[in-house]
Amino acid sequence: MEGLLQVYNTLLAAYGPRNWWPARTPFEMMVGAILTQNTTWKNVEKAINNFGNRLSPEFLENVAVEELAGIIRPSGYYNQKALKLKALTTWFAKYSYNIDKVREVNGETLRLELLGVKGVGRETADSILTYALHKPYFVLDAYTKRIFSRLGYEIPASYDELRLRIENNIPQELYLYNEFHALIVEHAKRHCSKAPSCGGCPLLNGCTKLSQDNYNTMKLPLQNFKG
Ligand code: SF4
């Protein structure tokens, strides 16, 4: 895979650093990673706000599942997510709720542990690893696949195959992984949604989707099609 850093630098120049993850503590980040499954970030914020100043592992350990489900109701699938949050908290308890202790463990071990937690899939695990545990794992979501596919990259069916293909072609730097995923999300929101808004897209010159599929319909000036 070539040109990934070029994509990153172009998005960074266009949107600036995103400074993710939007959370006050690593534990809040982990909770947000569960709550964001199958919903918008706006709904996650509502659910997080419902905790007030109670959002701690100790609170999640002791609160009844039914009460927890009520608190996180705005995030949808709240009964399932309450159980997932309980399971995540049980995992965190193994480390005495000490994030520094977790960060001492190597990334692969932590990834396996997280994937063994109820409701934590690969995307959620990699988000937690990168944004809460400071282990660089490239987070893949539907936006990433869509954008890279439109840019002309071959997308393997397997999550980990694509992740490794990306990771093997960029430096293993936490800051880069953190910002790259956040910039992809920003780009998907601003331009590359399901029905892309290609006018003014910073990646327009190198985009195969635009040059192959939309050439006749975009009615953009020819000088935009140099790449
Ligand atoms: S030119 Fe259009 S399809 Fe291509 S990356 Fe930009 S918004 Fe997406």
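This section describes the fold, surface, nonpolar cores and one loop proline of a predicted model.

The chain is helical in its regular structure. It holds 14 helices and 0 strands. Read along the sequence, the pattern is accordingly α-α-α-α-α-α-α-α-α-α-α-α-α-α.

Overall dimensions were examined next. The radius of gyration is 19 Å. A compact globule with 227 residues would have a value near 17 Å, so the chain agrees with that expectation. Along the principal axes, the C-alpha atoms fill a box of roughly 60 × 35 × 30 Å. Contacts were then sorted by sequence separation. Of those with a separation of 6 or more, 61% link residues 24 or more positions apart.

Burial and surface composition were also computed. Buried residues account for 46% of the 227 residues. The exposed area of the chain is about 11,400 Å². Carbon and sulfur atoms supply 48% of that area. Charged side chains number 27 positive and 22 negative. The centres of the two sets lie 8 Å apart.

In soluble globular proteins, nonpolar side chains tend to be buried together. In this model, the largest nonpolar core contains 43 residues. Within this core, the residues with the most contacts are M30, L60, I72, W91, L114 and L133. Eight elements are listed here by their contribution of two or more residues to the core: α2 (26-35), α3 (41-50), α4 (57-62), α5 (65-71), α6 (78-93), α7 (99-103), α8 (107-115) and α9 (122-131). The largest share, 7 residues, comes from α2.

L114 illustrates the packing in this core. Residues up to four places away in sequence were not counted. On that basis, L114 touches L88, W91, V120, A125, I128, L129 and L133. Two of these partners, W91 and L133, are themselves named with L114 among the core residues with the most contacts.

Another core lies apart from the largest one. This second core has 28 residues. Among them are I147, I170, L183 and C201.

A loop position was examined separately. P171 is found in the loop between α11 (159-167) and α12 (174-190). The relative accessible area of P171 is 32%. Buried means under 20% and exposed means over 50%, so P171 is partly exposed. Leaving aside neighbours within four places in sequence, P171 is in contact with L5, L176 and Y177. A second proline, P136, is 35 residues from P171 along the chain. The C-alpha atoms of P171 and P136 are separated by 9.9 Å.

Technical notes
Residues are numbered from 1 along each chain as its sequence is written. This is a predicted model: local features need pLDDT of at least 70, side-chain atom pairs count only at pLDDT 80 or more; totals for chains, interfaces and linings use all residues. Side-chain values use heavy atoms; hydrogens and water are left out. Helices (H or I, at least four residues) and strands (E, at least two) are DSSP runs, numbered from the N terminus. The radius of gyration is taken over C-alpha atoms; the globule rule is 2.2 Å times the number of residues to the power 0.38. Buried means under 20% relative accessible area, exposed over 50%, partly exposed in between (1.4 Å probe, protein chains only). Contact means heavy atoms within 4.5 Å. Accessible areas come from the Shrake-Rupley method with a 1.4 Å probe; for residues, only the protein chains shown count as cover. Lys and Arg count as positive and Asp and Glu as negative; His and the chain ends are not counted. The place of a charge is taken as NZ of Lys, CZ of Arg, CG of Asp or CD of Glu. A nonpolar core is a set of buried Ala, Val, Leu, Ile, Met, Phe, Trp, Tyr and Cys residues joined through side-chain atoms within 4.5 Å.
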